[in-house]
Protein chains: 2
Amino acid sequence: MSLRRIATSLGVSVTTVSRALAGYPDVASATRTRIAAEARRIDYRPNQVARRLRSGRSGTIGLVVPAEPGSFDLFFLALIGAIGPLLARQGLDLVMMGAPGGAAEAAAYRHLVEQHRVDGLIVARTRRHDARIRLLLDRGIPFVTHGRTETARPYAHLDIDGEQAFREATERLLGFGHAQIALLNAPPVYMFARHRAAGWRAALAAAGTAPGPALHAEPTEENGDRLMSALLARRDPPTAVLCVTDRMAVGALHAIASAGLRAGRDISLIGYDDLPIARYTDPPLTTLEQPIEQMARRMVEMLVAQLDGAPAAGLNEVWPARLIARRSDGPAPPARTSTLRITPRATAKGGHEDASIVDRA
Amino acid sequence: MSLRRIATSLGVSVTTVSRALAGYPDVASATRTRIAAEARRIDYRPNQVARRLRSGRSGTIGLVVPAEPGSFDLFFLALIGAIGPLLARQGLDLVMMGAPGGAAEAAAYRHLVEQHRVDGLIVARTRRHDARIRLLLDRGIPFVTHGRTETARPYAHLDIDGEQAFREATERLLGFGHAQIALLNAPPVYMFARHRAAGWRAALAAAGTAPGPALHAEPTEENGDRLMSALLARRDPPTAVLCVTDRMAVGALHAIASAGLRAGRDISLIGYDDLPIARYTDPPLTTLEQPIEQMARRMVEMLVAQLDGAPAAGLNEVWPARLIARRSDGPAPPARTSTLRITPRATAKGGHEDASIVDRA
DNA sequence: CGCCCGACCCGAAACGTTTTGATTGACGCA
DNA sequence: TGCGTCAATCAAAACGTTTCGGGTCGGGCG
């Protein structure tokens with residue numbers, strides 16, 4: 001409708017208008033300016049749908065977020081907030097799909113891909129063997145992941161070095177004199193959980209200290225509370241605890257306070273994410289910050305590069321996290337410094353993912 | 001491509017395939033089954049882009065979220081999480097646009113609307129005179145708002161009765177014997193801020209109690225902290241404080257603890273939203289819950305109804321909030337119960353929105 | 001003078017649907 | 001037999017772009 005409108009009102013063909021506006025060199029500059037002027041006059045906006053039909057591209061990027069109330073958290077929120085504007089600047093829309101985990105999630109990906117709804121995808125919270133990544137790789141759809149996964153095939157990803165981050169956090173706690181450092185982790189299906197656990201374990205091994213107990217569950221406040229309570233109920237509770245996310249740390253803080261203990265003195269706690277709230281917990285939370293804005297920017301760059309035909313092979317980066325020291329950790333309480341080593345119970349894996357079970361450390 | 005593929009492989013016309021699949025009655029049932037079978041065999045998926053071009057609908061609905069770090073909060077998160085799957089069930093996509101406030105926000109709306117990118121919109125956090133709503137009304141684009149606005153024209157909206165909610169909360173505090181009840185509000189451009197303030201004021205008026213001071217700023221943890229600190233620095237600080245959101249309440253809690261006071265005993269605090277964290281603050285936060293899931297469901301219904309041609313006029317509802325009593329409030333401290341009344345200072349409005357200034361109560 | 005080339009422009013096809021209006025037979029009825 | 005009716009099918013147009021493969025016209029060159 002619209003191209004034609006300009007064309008008829010100027011007495012040229014639709015082709016010429018299209019080519020003029022697209023900047024092709026084979027249109028006389030006089031014509032071009034007339035067309036440009038008219039386009040501006042009627043405030044011409046190309047119809048994206050027509051354009052997409054013709055070009056076979058949809059002009060949108062998909063982001064599938066977990067729809068379960070617990071798991072859809074501030075990290076995704078920040079990601080959306082950062083990614084959206086960047087994509088918009090590239091003329092791309094961000095479409096969101098909520099999907100409850102498992103089969104429905106796979107279906108969501110299939111839906112987006114097969115209906116030509118998206119040109120590319122952003123995949124967050126990668127898992128060890130990630131079916132989504134396999135699907136996308138098989139179909140040749142461009143994507144970028146936040147987080148790594150275990151596959152031999154090359155794919156674009158950007159990740160924070162969780163291993164290094166937790167190694168650093170553990171070393172900090174060791175430096176405070178803690179001898180029993182526990183880990184409140186996410187289920188080991190998630191790669192980030194594995195990396196952070198590895199860092200914790202590596203630092204302890206390097207120091208010759210036996211790892212404290214490691215529990216895991218979906219990283220929510222509720223589970224942080226539950227798991228921390230379980231830790232405190234032990235005969236020989238740890239003096240320091242690493243939490244895989246701030247959300248978990250908030251729950252843990254609550255458990256500590258409920259037990260009549262004081263975080264930062266009786267028990268040291270370190271989180272991860274640096275959510276806005278971390279500044280305002282009591283005490284403020286020592287945590288590890290990932291630069292979400294910049295990550296989002298880089299991920300979008302990687303995705304756009306692939307849309308323009310770049311191979312995914314070179315596109316992978318791992319960035320450092322930054323430790324933000326606040327007041328939820330500190331010197332180990334003197335009474336218990338370097339007391340006897342406790343050995344974590346080696347327990348069989350639980351049946352379903354969400355259960356909080358003891359890791360083999 | 002695809003319709004044609006079925007057509008040629010079955011020796012019928014594209015039209016017939018289309019009509020068979022669409023369920024028109026004028027195709028022989030034998031033909032219909034053959035077509036259905038073939039469609040299933042090749043796993044036919046209609047090309048949405050083509051469909052949209054033909055129908056003039058885009059099959060997506062838009063949600064513009066504030067992209068400023070502070071204002072993009074958990075409420076939107078919950079909204080997105082709830083709305084996405086519901087829309088998906090209707091065959092609709094949810095496209096998100098982040099937009100920093102002001103001019104950019106208007107541009108974002110214009111972009112979505114004029115490029116035919118969305119069939120409808122969801123508008124959250126309504127303002128008193130909301131330019132977005134005017135734009136949408138003028139263009140005749142279907143939309144649903146979360147929150148009300150001051151316009152004579154009918155539009156579809158669903159809101160929580162913030163006035164009733166804060167009246168109830170204030171009455172609760174009065175019942176606890178508090179005589180100085182302050183309000184930590186959001187800027188009065190937001191309708192929700194006005195409603196909640198009205199409820200607070202109404203309850204106090206009914207009880208013959210003078211309103212405590214009312215401060216306002218963007219509802220973030222940081223501002224909650226700042227404003228609460230300001231309250232505590234007064235000669236005659238209030239014994240109870242209503243916070244317009246849980247985020248603010250979290251900041252306020254921090255300010256209270258920093259001042260060496262104990263929330264729930266020295267100072268009573270009530271929030272709003274019932275974020276997941278409200279259960280895990282210290283003390284757990286008494287707050288008002290809005291049923292986001294159900295609201296999302298209803299808003300989607302309202303939107304879909306309009307897409308199917310229903311007028312917006314009848315579509316508006318105001319639901320009650322539910323008070324969740326936890327432990328951040330309680331009886332007024334005996335030493336100060338019904339002490340002399342303080343009169344809020346009547347100060348002129350500040351220059352820019354984000355400043356924390358004293359309301360004329 | 002005749003030809004060729006470059007500059008400029010355009011018609012038509014294509015992307016995959018849906019929908020309109022027409023066509024084809026078969027059948028019943030007068 | 002002739003006509004109307006009904007069921008079943010289809011061709012073509014349309015949605016708004018982009019792009020392919022020409023086409024026309026003038027001017028420069030041999």
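**Confidence, chain symmetry and helix α2(B)**

In this predicted model, chain A has an average pLDDT (the predictor's confidence in each residue, from 0 to 100) of 87, with 89% of the residues scoring at least 70. Across residues 336-361 of chain A the pLDDT falls below 50, and this stretch makes 44 contacts in the model beyond near neighbours in sequence; a contact requires C-beta atoms, placed from the backbone, to lie within 7 Å. Where pLDDT is low, the predicted coordinates should not be read in detail. Local features need pLDDT of at least 70 and side-chain atom pairs count only at pLDDT 80 or more, whereas totals for chains, interfaces and linings use all residues. Residues are numbered from 1 along each chain as its sequence is written, and chains are lettered from A and ligands numbered from 1 in the order in which they are written.

A turn of 180° and a shift of 0.1 Å along the axis lay chain B on chain A with an RMSD of 0.2 Å (least squares on the C-alpha atoms of residues with pLDDT of at least 70 in both). That is the relation of a two-fold axis. In chain B, the C-alpha nearest the axis belongs to B:V95, at 2.1 Å. Both copies use the same surface, as 100% of the contact residues of chain B recur in chain A.

Helix α2 of chain B (residues 14-22) has B:T16, B:V17 and B:A20 as its buried residues. Helices are DSSP runs (H or I, at least four residues), numbered from the N terminus. A residue is buried with 20 or more other C-beta atoms within 10 Å of its own, exposed with 12 or fewer, and partly exposed in between, C-beta atoms being placed from the backbone. The buried residues of α2(B) span an arc of only 100° around the axis (from the directions from the helix axis to the C-beta atoms), so they lie on the same side of the helix. Their cover includes α1 (2-10) and α3 (29-41) of chain B. Exposed residues B:T15 and B:A22 are carried on the face turned away from the buried side. Just after α2(B), B:G23 adopts a positive phi of about 85°.

Conventions:
Contact = placed C-beta atoms within 7 Å. Helix = DSSP H or I, 4+ residues; strand = E, 2+ residues; numbered from the N terminus.
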